[in-house]
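Let's take a walk through this protein, starting with the whole chain and then zooming in on a few spots. Have your viewer ready.

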Amino acid sequence: MLQPRNNLFKIAIPFFSLYIASILIIIIFGYIIKNQKQKEEYEKENKQLISWYQNLDETKNSSNFPSFIKQAQKKIPKILNSQKVTEKIQENIYYNSEGKLPEQPPCVEWNQNNNPVKACYHYTSLINFKVNNSNINIQSEKSDPVFQNFTQYMIDKIKPQLLNKTKHSDENTDNLDIFSKTLIKDLTKDKDDETNDNKDKYSNMLPYLKINNIYIFRKKTGFMLSYPLTGENYETKKRLDYQSRPWYRTTIGKYEDNYYPSDFINEDNSSGLTNLYIDINDKDKSNGIRTLWYKFKTTNNKTTKNEEYILCVDLFFDNSSQLSKQENLHNLLEESIKSGFNLNKNDNNWWIYLLLFSIIPALILSLIYELKIKDILLRRISEHNANNLIQIKLKLENQHYANRNADEEIEFTVEGQTKEINQSEQSTEANWSFNIQSIQVGIKKNQSRTKQREDISKYVFTKKYNLNMSQNKPQYRCIETWKVVLESKSGNIEHQQIGFFVANWNTSNSADIQEGLDIQSIYWEKEYEEYLGIIKEQLREHLLISDENELVAILDTNYSKRQNIPSFITGIDSLRKIISSSECLKQGKIVFSEVETLTELYKRGLVTVNSICTLHFIKKLVENKKLKDFFQTQVNERFLIEYKQDEFRDFYNSLDDESKSELINKSPFQIMVYQPNINNIVSEQDDFCII
């Protein structure tokens, strides 16, 4: 139960344990919040999925999609009308007929519908999107003003944002999600309101909406320019034909045979959102795509005047969302902490928040433990441990009462063994003489089977006390020595001797018994010095109310023995105030200031009262004219103590006839002659007691 340890170690161990517990509490708290957020996101995702597969025009205000689509329709035309094209922009248009990507600059990896795809943000991709297209002039396509304007916008506006957000990316970074949110933000941002706090609101309201491609199609030549450049080789796909694609078929007119339906068609039929169709890149899984399209003709360029173009943005719902991904322990821990502290998903310092913020609850729990829980636990352990555990027990070693026939001095001796002699003032406050002798004991090591010698010190403490009552001013009534040991609760094995106390019962005439009791330590082991004051106080309380020769200590700094107050005492109104303020109850007595209160206690008849009083007390009753009232109260037996021969006779003869009659007839009593001996030490001022 008790292990030797220094103060720092005793403080560090519970704090470190509570620090670990605080970390676990924060993780659990974060995990609960994470699950709640996931539940909310799951419900939100379900609503979005339902609306995604519906006719979005009919959802009205039940979804955030309509608002996003209408906002994007306003922004798309501005993409091609706001750029000043540079001379070298053609270098950023890459023709990828064989599916090979440039070695530099490096590309990032997308997880597109569970298929890894390389994406290069420095280039747009030029693609031949026409079956059996024999009229191919790559340089002419790169010189197309609309293609150059589109490329200029992507390189100047979109690429810097993407490179900044992905420069610290790793294998856990969702680069496709970053690309999607960047495009969503750009398509819904008001140019004149760059500092608007709501500029990311659609990314937050539609967290699972993805954009994997934005492209522009030139109908005259069948070429498409797409951003970003990816490792997808469209020209090798057998089904490649722009005339079969839904985003093209929806622009030919609703009355044509090959027409593909769209929602959100504006008044001049220049923009809309296609119904669902399967993405051309899908291999293993079918992913529902909707394309936001904008059809226009050039009017201000001589070389491409009246040519028809279609600007498209492919939208899809990410069905490989975070809710359906398997998480390892590290990711689960990371997401729980980020949820608990409401951190940004890209914040990599989550573990610092965890370690630092765990200190606060650890300190609070440590204070609660030290101030409240520790003492309670120690008390419970001491009171209820099994027999094979260790406890602290105090045992009476020697006890000598003062008497008239005692020798002039009696010598008391205590002895024991220790590994380290402790000579601090607290542990040797009784100032006994001592002798120390070094000895050696053999210790057998189980592993090596070799014997080693360990130094042990043997100590002997002695002191002489004069317990002769015949001296002019006797100092002591009784001297007791108590040994404190660690032993099994069964008491069969003594494990270790902790120290010794000496209890001096002095010859004080005070009504307060504890003023005459002085307890000091003779010797105390250094390892257990912090418990010295606690155990000494419990020994004091034990000696004041008990005659038992053994005491089991309770290691609780706030421990105090509950006062056992009989119910017949608490029922007397005049005693309630005395009981609430009296310290004498710890000594098993109540000091009365009024005889009337005492007589009221006698009259209750709930207990048997044996009255013992000295002649000194009787004289006080006569002086205060209360002798008659006092002796009218009946008791079981009454005893009077006299200290000198014929002392009561002389007192009786001095009384008037009425007092004599009251004393003899109303309350018979017996006279006890005080005989000093080892079992009977009563002062002349000990006036009255109840047994």
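What follows goes from the overall fold to a surface patch and then to the aromatic rings.

First, keep in mind that this is a predicted model. The protein chain has 691 residues, and 43% of them count as buried. Its secondary structure adds up to 19 helices and 24 strands. If you look at contacts with a separation of 6 or more, 70% of them join residues 24 or more positions apart. On the outside, the chain exposes about 39,200 Å², with carbon and sulfur atoms supplying 47% of that area.

Now for the surface. Leu356, Phe357, Ile359, Ile360, Leu363, Ile364, Ile368 and Ile373 make up a nonpolar patch, and together they have about 700 Å² of accessible area. Two elements give two or more residues each to this patch: helix H10 (350-357) and helix H11 (359-384). The top contributor is H11, with six residues. Ile360 is a handy one to click on if you want to find helix H11.

On to the rings: a search of the whole structure turns up 26 aromatic pairs. One of them is Phe501 with Trp524, a tilted pair whose centres sit 5.2 Å apart, with 40 degrees between the planes. That angle falls between the 30 degrees under which planes count as stacked and the 60 over which they count as edge-to-face, so the pair is called tilted. Phe501 belongs to strand E18 (residues 494-506) and Trp524 to strand E19 (residues 517-524), so this pair links distant parts of the chain, 23 residues apart. Both partners are buried.

Elsewhere in the aromatic inventory, Phe129, Tyr215, Phe217, Tyr242, Trp247 and Tyr248 come together as one cluster.

Methods. Residues numbered from 1 in each chain as written. Predicted model: local features only at pLDDT ≥ 70, side-chain atom pairs only at ≥ 80, totals over all residues. Heavy atoms only, no water. Helix = DSSP H or I, 4+ residues; strand = E, 2+ residues; numbered from the N terminus. Buried < 20%, exposed > 50% of the residue type's maximum accessible area, 1.4 Å probe, protein only. Contact = heavy atoms within 4.5 Å. Areas by Shrake-Rupley, 256 points an atom, 1.4 Å probe, with all protein chains shown as cover. Patch = residues over 30% accessible without salt bridge, like charges linked within 9 Å, V, L, I, M, F, W, Y side chains within 5 Å. Salt bridge = Lys/Arg side-chain N within 4 Å of Asp/Glu carboxyl O. Phe/Tyr/Trp six-rings, centres within 6.5 Å; stacked < 30°, edge-to-face > 60°.
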